[in-house]
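Open the model in your viewer and keep the selection box handy. We will go from stop to stop, selecting a few residues each time and looking at what is there.

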Amino acid sequence: MNSIRLRPLSRLFLALFLTFAAVGNSSAQDVGSAPAVSKEGVVPGATAAATPATAAAPAAGGGDAAAIAAGDALFKGNCAQCHAINDVVVGPALAGITKRRPVSWLIPWIKNSSKVVASGDEYAVKIYNQYQKQQMPSFQLSDTEITSILAYVTAEEGKSAGAPGAATNIKPGDGTETPGAATAEADGGKYMDVLLIVLVVVLIVLVVTLVIIANIMKDVLRGRKDLDGRDVEVLDQRTDWSKLYKSPVLRGIAGVVFVLAILYTSVQGAMGVGLTQGYQPTQPIAFSHKLHAGENQINCAYCHTSVYKSKSANIPSANICMNCHSQIKTESAEIKKIYRAIEKKQPIQWVRVHNLPDLAYFNHSQHTQVGGIECQTCHGPIQNMEVVYQYSALTMGWCINCHRETPLNTKGNGYYNNLVKLHDSANGAAPFTVSSNGGTECSKCHY
């Protein structure tokens with residue numbers, strides 16, 4: 001009879017609905033989820049810790065690949081905030097600089113431009129006055145590093161002008177992403193979410209329509225006179241929800257689940273005491289890392305000058321801000337807050353976001369300069385943050401897991417030769433990680 005076929009038909013459509021919902025959710029997670037930040041992180045601009053050419057620097061008009069590569073990193077870490085190769089930013093375009101002035105003049109100029117201006121040098125005074133007497137900061141760079149920068153500038157001359165400080169494209173699969181690629185991933189996730197919602201709505205409408213049709217068919221069948229008692233019983237059957245509610249088995253399962261949920265919530269709450277992951281305080285000045293490190297590709301080390309050479313990553317002083325903002329967006333209400341702080345000779349009261357307990361020792365330079373760890377490994381996609389927040393848990397377990405998983409770069413360092421041999425003989429092909437070098441011992445961080 002038709003009535004007997006209604007129940008399996010309804011079950012079939014319900015199964016299809018659940019299947020489509022599960023598949024849609026899986027697709028959204030695979031395509032739309034944000035990629036995890038890798039151990040290498042995402043570099044806004046060039047890596048400031050790049051090793052400069054160690055060999056004697058060639059003439060600025062030529063330059064080998066090593067010198068140009070080192071100059072690329074140094075330029076983006078120190079110069080790109082105010083200079084471009086073919087465009088005027090804050091300071092003049094640098095294309096043809098080695099033709100306008102000799103290298104012997106450029107080296108002292110880059111090291112201490114104010115001293116050259118004070119000496120009365122005609123060209124230096126002309127540049128100083130032409131650019132509204134904006135003083136270029138001094139740089140503690142070696143002659144080799146400066147000639148590497150000049151080699152890079154010479155190599156880049158004539159290429160298409162881009163955004164100030166624009167970085168070269170980062171290859172996919174190397175643990176890094178450009179901001180554009182991250183945006184594309186996020187947009188793809190949004191589209192998949194919308195598609196999933198539409199699919200779920202359509203399936204709900206379909207199920208409701210099937211239920212209505214089934215009820216109409218039941219009413220039609222009830223009007224027929226050729227139904228036997230079994231068919232009538234099927235049509236009139238109702239689900240007795242009271243029996244399900246009164247079932248001792250169901251009540252027991254519900255009670256156990258409730259107790260476990262309470263215990264889980266309590267344990268998680270107790271373990272979370274003192275953790276500040278996600279902390280995002282309001283800062284006294286609306287500084288956007290997304291604008292500076294993301295869109296403008298300003299290297300992290302330009303503002304946080306000690307991150308590669310000190311235990312702590314310093315908060316930039318107001319004069320670093322003024323290197324650009326003495327000329328850029330001078331009428332902005334937020335920039336005027338910097339002017340007021342300078343006039344009053346008071347530091348800007350930034351609110352600290354990342355704060356490790358005093359019992360734990362942490363050295364920034366050990367991780368960034370020696371270990372080669374990028375900022376995003378711990379701080380997350382900082383180049384996409386309008387307001388900085390604590391991305392990682394920064395717990396002891398989080399640090400230990402990183403030490404266990406991060407391979408140690410031992411190439412070219414004779415200190416590790418015997419340690420690597422002993423490790424390989426005992427562990428075979430397992431990588432020599434920070435933990436293999438004692439990176440999980442208590443005294444490494446607590447002493």
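A word on angles before we start: two axes count as roughly parallel under 35 degrees, roughly antiparallel over 145, roughly perpendicular from 65 to 115, and oblique for the rest. Axes here are lines fitted to C-alpha atoms, for helices over the stretch in contact, and the angles run from 0 to 180 degrees between N-to-C directions. This is a predicted model, in which local features need pLDDT of at least 70 and side-chain atom pairs count only at pLDDT 80 or more, while totals for chains, interfaces and linings use all residues. Residues are numbered from 1 along each chain as its sequence is written, and side-chain values use heavy atoms, with hydrogens and water left out.

**The whole protein**

Start with a cartoon view: the protein has 20 helices and 0 strands. Both are DSSP runs numbered from the N terminus, with helices being H or I of at least four residues and strands E of at least two. Of the 447 residues, 30% count as buried; buried means under 20% relative accessible area, exposed over 50%, and partly exposed in between, with a 1.4 Å probe and protein chains only.

**Stop 1: α2 on α7**

Select residues 65–78, which are helix α2, and residues 143–156, which are helix α7. Their axes come within 7 Å and cross at roughly 95 degrees, so α2 and α7 are roughly perpendicular to each other. Now show side chains: among the residues in contact (heavy atoms within 4.5 Å) are Ile68, Leu74 and Phe75 of α2 and Ile149, Tyr152 and Val153 of α7. By class, this contact has 10 nonpolar, 2 polar and 3 charged residues. Ala, Val, Leu, Ile, Met, Phe, Trp, Tyr, Cys and Pro count as nonpolar, Asp, Glu, Lys and Arg as charged, and the others, Gly among them, as polar.

While you are on α7, pick Glu156. Is Glu156 buried or exposed? Glu156 is buried, with a relative accessible area of 19%. Leaving aside residues up to four places away in sequence, Glu156 touches Ile85 and Asn86.

**Stop 2: α4 on α7**

Keep α7 and add helix α4, residues 103–111; the two pack at about 110 degrees, with their axes 10 Å apart. That angle is why α4 and α7 also count as roughly perpendicular to each other. On the α4 side look for Val103, Leu106, Ile107, Ile110 and Lys111, which meet Asp143, Ile146, Thr147 and Leu150 in α7. Sorted by class, the contact of α4 with α7 has 6 nonpolar, 1 polar and 2 charged residues.

**Stop 3: aromatic rings**

Rings of Phe, Tyr and Trp (its six-membered ring) pair if their centres lie within 6.5 Å; planes under 30 degrees apart are stacked, over 60 edge-to-face, and the rest tilted. By this rule the count comes to 6 aromatic pairs. Select Trp105 and Tyr123: the ring centres are 5.5 Å apart and the planes at 85 degrees, so the pair is edge-to-face. Trp105 is buried at 12% relative accessible area. Add Trp109 to see one aromatic cluster, formed by Trp105, Trp109 and Tyr123.

**Stop 4: a loop**

Finish at Ala286, in the loop between α11 (248–271) and α12 (289–295). Ala286 is exposed, with a relative accessible area of 61%. Select Glu334 too: Ala286 and Glu334 are 48 residues apart in sequence but 6.6 Å apart in space, C-alpha to C-alpha.
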